[in-house]
Amino acid sequence: MHSNITKEMDFRFPPIVLIKSNNKPEEAIGPKEGKGGCVMSFIAQTIAKRKTTCFGRENITCGGISSGFGWGDGFKDEDALDFQASFLSCGVDSAPDLEEYETRLGYMKKHTAEMFREGERIFTDFETAKENIKNRPIYDTEDYVIFKGLENLEDGEIPLSVIFTVNAVELTALIQLNTSFRTKDTYILTPQASACQAIGNFTFKQAESDDPKPILGPIDFAGKNKMKHFIPSEYMQLSMPWKLFLKLEKVSEKSVLQTDLWKKFKQQ
């Protein structure tokens, strides 16, 4: 697909798209069946190397990814939810059942157990973490999530999320495009979400709005850590539903991107 924004901004990392399907593309890379873990290292390869990546329900072992990709809430019971709430807050210091939490850590590899013992500390305490987890947007559709370059979008494919990977100057330009036609309210959202959720279910939720907003991420260091081998850590993702992307495409045709001032920054 031709993108005017991409042409005008000449990104180091052109935008990618998220598509859901019941069919798995043969050329896609992804985790082996039965192997879980964080998906962001694969998505980073789509961003940096333009490789199509695909994830199926059978590859997911993380409740956060399940909700992020629109495959339910990801928890088989309340204990599983409590375990993630403990991890996302202060680990052993937040666990309501310390003995049960430590038992689960005993089945993990040493470095993983150490991370879970300390906690990711996205939330200040167990109760705040659990409430936020319960308030995630939940969907349950299709069996596969596919990431590909926007330039590889085929006729008839409608992405659920368009994802820009940008430095500070590029982010400034996109924010200006996004705010140039608005007159009130919040213009950009930064939910306390994991990297996969920011580009996934939180962006899906915005598609339901008559006035969708872009989502800025990742704001979790675990997600950024998985991407750093392919994308410099100072880069951020700005994701948006398809209809907002099309709006910005139209806006971009007569915008700051045609000014000499932008061209000066673009050349730096």
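These legends go with a set of close-up views of a predicted model.

**View 1. The largest pocket holds about 1500 Å³ of space.** Let's start with the open space in this predicted structure. A total of 45 residues line the largest pocket, and the closest to its centre are Cys62, Phe87, Met115, Phe116 and Glu120. Several helices help to build this lining: α3 (63–68), α4 (78–88), α6, α7 (126–134), α9 (195–199) and α11 (221–227) each supply at least two residues. Sorted by class, the lining of the largest pocket has 23 nonpolar, 14 polar and 8 charged residues. Keep Phe87 and Phe116 in mind, as both names come back in later views.

**View 2. Helices α5 and α6 pack at an angle of about 155°.** Here α5 covers residues 98–105 and α6 covers residues 110–118, and their axes are 9 Å apart. How do these two helices run relative to each other? Angles over 145 degrees count as roughly antiparallel, and α5 and α6 are therefore roughly antiparallel to each other. Their crossing is right-handed. On the α5 side, the contact is made by Tyr101, Glu102 and Leu105, while α6 brings Ala113, Phe116 and Arg117. By class, this contact has 4 nonpolar residues, 2 charged residues and no polar ones.

**View 3. Helices α4 and α5 cross at roughly 85°.** The axes of these two helices come within 11 Å. That angle makes α4 roughly perpendicular to α5. From α4, the residues to look for are Asp79, Ala80, Phe83, Ser86 and Phe87, and from α5 they are Tyr101, Arg104 and Leu105. The contact of α4 with α5 has 5 nonpolar, 1 polar and 2 charged residues. If Tyr101 and Leu105 look familiar, that is a good catch: both also take part in the contact of α5 with α6.

**View 4. Helices α4 and α7 pack with their axes 8 Å apart.** The angle between α4 and α7 is about 120°. Are they perpendicular or oblique to each other? The range for roughly perpendicular is 65 to 115 degrees, and α4 and α7 are therefore oblique to each other. As in View 2, we can also ask about handedness, and α4 passes α7 in a right-handed crossing. In this contact, Glu78, Leu81, Asp82, Gln84, Ala85, Ser86 and Leu88 in α4 meet Phe126, Ala129, Lys130, Ile133 and Lys134 in α7. By class, that gives 6 nonpolar, 2 polar and 4 charged residues. Ser86 of α4 is also part of the contact with α5.

**View 5. The second largest pocket holds about 160 Å³ of space.** Which residues line the second largest pocket? They are Met9, Asp10, Arg12, Asn167, Val169, Glu170, Tyr235, Trp262, Phe265, Lys266 and Gln268. The elements giving two or more residues to this lining are α8 (168–179) and α13 (260–266). Of these, α13 provides the largest share, with 3 residues. The lining of the second largest pocket divides into 5 nonpolar, 2 polar and 4 charged residues. Take a moment to find Asp10, which is the topic of the next view.

**View 6. Asp10 has a positive phi of about 50°.** This backbone angle is found here although Asp10 is not a glycine. To find Asp10, look in the loop between α1 (4–9) and β1 (16–21). Asp10 is also one of the residues that line the second largest pocket.

**View 7. The largest cavity holds about 60 Å³ of space.** How many cavities of 30 Å³ or more does a search of the whole structure find? The search finds 1. The largest cavity is lined by Pro218, Lys224, Met227, Lys228, Ile231, Pro232, Ser233, Tyr235 and Gln237. Sorted by class, those residues are 5 nonpolar, 2 polar and 2 charged. Tyr235 is worth a second look, as this residue lines the largest cavity and also lines the second largest pocket.

**View 8. The peptide bond from Gly217 to Pro218 is cis.** Its omega angle is near -10°. Pro218 sits in the loop between β5 (215–217) and α11. Pro218 also helps to line the largest cavity, while α11 supplies at least two residues to the lining of the largest pocket.

How values were computed. Residues are numbered from 1 along each chain as its sequence is written. This is a predicted model: local features need pLDDT of at least 70, side-chain atom pairs count only at pLDDT 80 or more; totals for chains, interfaces and linings use all residues. Side-chain values use heavy atoms; hydrogens and water are left out. Axes are lines fitted to C-alpha atoms, for helices over the stretch in contact, and angles run from 0 to 180 degrees between N-to-C directions. Helices (H or I, at least four residues) and strands (E, at least two) are DSSP runs, numbered from the N terminus. Angles under 35 degrees count as roughly parallel, over 145 as roughly antiparallel, 65 to 115 as roughly perpendicular and the rest as oblique. A crossing is left-handed if the near helix is turned anticlockwise from the far one by less than a right angle, and right-handed if clockwise. Contact means heavy atoms within 4.5 Å. Ala, Val, Leu, Ile, Met, Phe, Trp, Tyr, Cys and Pro count as nonpolar, Asp, Glu, Lys and Arg as charged, and the others, Gly among them, as polar. On a 1 Å grid over the protein atoms alone, a cavity is a set of points where a 1.4 Å probe fits but cannot get out, and a pocket is an open set with protein on both sides within 12 Å along at least five of seven lines; lining residues have an atom within 4 Å of a point. Grid points are joined across faces, edges and corners, and a volume is the space filled by probe spheres set on the points.
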